[in-house]
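Biologist: I would like to go through this model one feature at a time. Please give the idea first and then the case.

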Amino acid sequence: MTAENDNSSELNRSVGFDMPPEVLDEIRLNIEEIIATFPVPEDNKLDVIKKINFMYSHSRYLSLTDALTGLYNRRHLDTMLEREFLRAKRYGSDLSVAIIDIDFFKKVNDTHGHICGDYILKEVAYLILENFRKTDIIFRYGGEEFVALLTETTLEKAKIPLERLRKSVEEYPFNFKGTDIKITISGGATEIGDVENASEFLDNADKALYMAKENGRNQIVFL
């Protein structure tokens, strides 16, 4: 993970930031309107507005990201999934989605502690980013689950990065305080097909993930 993501994650965690982006947008506009009426030199007004815009941009970033991993959060998934689903339906473009789950993650926490669990989550998040394109959108879905939204991608093409990721995690040298830890992932993926809404689209990926777990884990099921 980058230093910027680490710093943002720490700030997010420390302040418990959880403000919807649309609220931030309204606050910024209101503050700018108030400053514009202040009886101060125009140069000073511009300087203050620039600082507010910087703080706004950073705060908005925090509102969309997961504190621990620096990935986009569940709230942003809800927004982006709906947007990309509607776009793909409108233009007839390809779209695939995958849910990725760390196998036996509770056992990792129970055996090595939650700090180790955090380490595993951050490393897996890094591997996910490394194995997908910059145009793919990655989210922490919750707990030990992640979602990858693959734009302009058929299910057949989605198999390549997902299998590459599965193998990367399986072979990665996870080591916490001198202890080697074996980690694998399971995943479920699907393409947009004839599904009628974004919720059904994601639910199909979840069904595929369930099948991967039932079939022994450390595998990706494509549905």
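Modeller: What follows goes from the whole chain to helix packing, cores, ring pairs and single residues. Keep in mind that the model is predicted.

Biologist: How many helices and strands does the protein chain have?

Modeller: The secondary structure comes to eight helices and seven strands. Buried residues make up 44% of the 223 residues in the chain. Of the contacts with a separation of 6 or more, 71% are between residues 24 or more positions apart.

Biologist: How do I read a helix pair, and at what angle do α6 and α7 pack?

Modeller: Start with the angle and the axis distance, then take the handedness and the residues. Helix α6 (residues 114–131) and helix α7 (residues 155–171) pack at about 145 degrees, their axes being 9 Å apart. Their crossing is right-handed.

Biologist: Which residues of α6 and α7 meet?

Modeller: From α6 come Leu127, Ile128 and Asn131, and these meet Pro161, Arg164, Leu165, Ser168 and Val169 of α7. Sorted by class, this contact has five nonpolar residues, two polar and one charged.

Biologist: Now the interior. Which residues touch the most other members of the largest nonpolar core?

Modeller: A nonpolar core is a set of buried nonpolar residues joined through side-chain atoms within 4.5 Å. The largest one here has 32 residues, and Ile102, Ile120, Phe132, Phe146 and Phe174 touch the most other members. Two or more residues each come from β1 (95–102), α5 (105–112), α6, β3 (145–151), α7 and β6 (185–191). Helix α6 gives the most, with eight residues. Another core, of 20 residues, lies apart from this one, and its members include Phe85, Val97, Ile99 and Ile192.

Biologist: How many aromatic pairs are there, and why is the pair of Tyr119 and Phe176 tilted?

Modeller: The count comes to four. Planes under 30 degrees apart count as stacked and those over 60 as edge-to-face, so the rest are tilted. For Tyr119 and Phe176 the ring centres are 5.9 Å apart and the planes stand at 35 degrees, so this pair is tilted. Because Tyr119 lies in helix α6 and Phe176 in strand β4 (residues 175–176), the pair ties together parts 57 residues apart in sequence. Both Tyr119 and Phe176 are buried.

Biologist: What of Tyr172 and Phe174: how far apart are their ring centres?

Modeller: Their centres are 4.7 Å apart, and with planes at 65 degrees the pair is edge-to-face. Tyr172 is partly exposed, at 24% relative accessible area, whereas Phe174 is buried, at 1%.

Biologist: Is Thr151 buried or exposed, and what does Thr151 touch?

Modeller: The cut-off for buried is under 20% relative accessible area. Thr151, found in strand β3, has 15% and is therefore buried. Leaving out residues up to four places away in sequence, Thr151 touches Glu84, Asp94, Leu95, Arg133, Thr135 and Asp136.

Biologist: Last, the backbone. Where is Lys177 found, and what is its phi?

Modeller: Lys177 is found in the loop between β4 and β5 (179–180). Its phi is positive, about 55 degrees, although Lys177 is not a glycine. At 73% relative accessibility, Lys177 counts as exposed.

Biologist: And what is the phi of Arg217?

Modeller: Arg217, a residue other than glycine, has a positive phi near 70 degrees. Its place is in the loop between α8 (198–214) and β7 (220–222). Arg217 counts as partly exposed, at 28% relative accessibility.

How values were computed. Residues numbered from 1 in each chain as written. Predicted model: local features only at pLDDT ≥ 70, side-chain atom pairs only at ≥ 80, totals over all residues. Heavy atoms only, no water. Axes fitted to C-alpha atoms, helices over the stretch in contact; angles between N-to-C directions. Helix = DSSP H or I, 4+ residues; strand = E, 2+ residues; numbered from the N terminus. Left-handed = near helix turned anticlockwise from the far one by under 90°. Contact = heavy atoms within 4.5 Å. Nonpolar A, V, L, I, M, F, W, Y, C, P; charged D, E, K, R; others polar. Buried < 20%, exposed > 50% of the residue type's maximum accessible area, 1.4 Å probe, protein only. Phe/Tyr/Trp six-rings, centres within 6.5 Å; stacked < 30°, edge-to-face > 60°.
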